[in-house]
Amino acid sequence: MVLIDHNAPHRTCSQLTLIEEFALHSGGRRISVPHAAERVLTYLALLNRPVSRGRLAGALWPECAGHCAAQRLRTALWRLRRIQDAVVEINGDRLRLHSNVAVDLAYLSELAQKLIHQPCSEDLARVPMLLNRAALLPDWDEEWVVIDRERYRLVWVAALEAAAESLLKRRQVGAALMAASAVVAAEPLRESSRRILMRIHLAQGNKIDALREYQRYRGLLAAEFGTEPSPECDELLLHVHECGTATIESLPNP
């Protein structure tokens with residue numbers, strides 16, 4: 001799915017997808033890109049500033065001597081120009097991703113930051129864009145990708161947890177359930193997300209679902225680490241036993 005920021009300038013003509021998969025779209029069609037050229041575009045997108053040819057070539061082909069790496073970079077750039085013009089800006093010895101290219105990572109990261117820090121109704125309405133976009137290029141193992149992947153993962157988790165809390169407070173319980181469930185599916189050992197999910201089930205009056213969530217988490221902790229849930233999680237369990245249903249205001253704070 002191509003993400004287009006409708007607030008972006010109209011000059012944007014290509015979309016680069018890096019979350020969950022690599023894809024380059026232009027004019028409504030997906031463009032086939034050789035892997036070497038994919039790596040060039042990805043590095044430039046993650047760096048998000050000009051870089052010298054030498055540094056770029058050395059980062060992408062560290063196993064090659066300088067001349068060999070430079071040649072591979074020239075070949076990748078030549079192939080990119082044949083496939084799609086205006087995706088890389090070249091200014092002397094320095095290169096950067098063209099300003100005409102919109103990158104989903106930048107758009108989703110900006111949305112995530114807004115959700116973490118005082119989200120508005122418009123931001124919360126865009127939460128579904130994040131639900132199935134948990135990983136930056138999960139099949140790539142380059143070190144320079146792994147670092148940014150972890151950074152995005154942390155922001156993604158924090159954003160969906162914050163969104164679930166905000167949606168629950170606004171009594172948009174179904175949307176809150178989707179956000180919290182996405183984090184639990186991606187990070188099953190993360191207790192804060194489990195607690196949010198239990199609170200959502202209780203707010204819906206689904207006592208059994210809250211109990212099942214607790215039991216799943218307790219079983220997972222015992223199997224993985226031989227430990228028990230925290231007292232905060234047990235407090236929610238006590239609330240389940242004491243109340244048949246719950247209001248949002250009566251639930252323990254996270």
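A pocket, as the word is used here, comes from a 1 Å grid laid over the protein atoms alone: it is an open set of points with protein on both sides within 12 Å along at least five of seven lines, whereas a cavity is a set of points where a 1.4 Å probe fits but cannot get out. Lining residues have an atom within 4 Å of a point. Grid points are joined across faces, edges and corners, and a volume is the space filled by probe spheres set on the points. Rolling a probe the size of a water molecule over the atoms shows where empty space is left.

The structure is a predicted model, so to speak of local features a pLDDT of at least 70 is needed and side-chain atom pairs count only at pLDDT 80 or more, while totals for chains, interfaces and linings use all residues. Residues are numbered from 1 along each chain as its sequence is written, and side-chain values use heavy atoms, with hydrogens and water left out.

On that footing, the second largest pocket comes out at about 180 Å³. Its lining is made up of Y43, L46, L47, E143, W144, I147 and D148. Helices α1 and α7 (143-169) each put in at least two of these residues, and α7 gives the largest share, four residues. By type, the lining splits into five nonpolar, no polar and two charged residues (nonpolar: Ala, Val, Leu, Ile, Met, Phe, Trp, Tyr, Cys and Pro; charged: Asp, Glu, Lys and Arg; polar: the others, Gly among them).

Stepping back, the protein chain has eleven helices and seven strands, taken as DSSP runs numbered from the N terminus (helices H or I, at least four residues; strands E, at least two). Its C-alpha trace spans about 70 × 45 × 25 Å along the principal axes. Of the 254 residues, 46% count as buried (under 20% relative accessible area, with exposed over 50% and partly exposed in between, using a 1.4 Å probe and protein chains only). Among contacts (heavy atoms within 4.5 Å) with a separation of 6 or more, 58% join residues 24 or more positions apart.

Helix α10 (residues 207-225) is worth a look. The expected span of a helix is 1.5 Å times one less than its number of residues; for the 19 residues of α10 that gives 27 Å, and its end C-alpha atoms are indeed 27 Å apart. Its buried residues are A210, L211, E213, Y214, Y217 and L221. Seen down the axis, these fall within an arc of 160 degrees, so they line one face of the helix (the arc is that of the directions from the helix axis to the C-beta atoms). The face turned away from that side carries the exposed residues Q215 and A223. K207, also in α10, is partly exposed at 27%, and its C-alpha atom is 9.7 Å from that of H239, 32 residues away along the chain. Just after α10, G226 takes a positive phi of about 65 degrees.

Positive phi also turns up in residues that are not glycine. E20, in the loop between β1 (14-17) and β2 (23-26), has a phi of about 75 degrees and is partly exposed at 32%. N48, in the loop between α1 (35-47) and β4 (51-52), has a phi near 60 degrees and is exposed at 58%.

Another loop residue, H98, sits between β6 (94-97) and β7 (101-103). H98 is buried, at 18%, and touches A86, V87, V88 and E89, leaving aside residues up to four places away in sequence.
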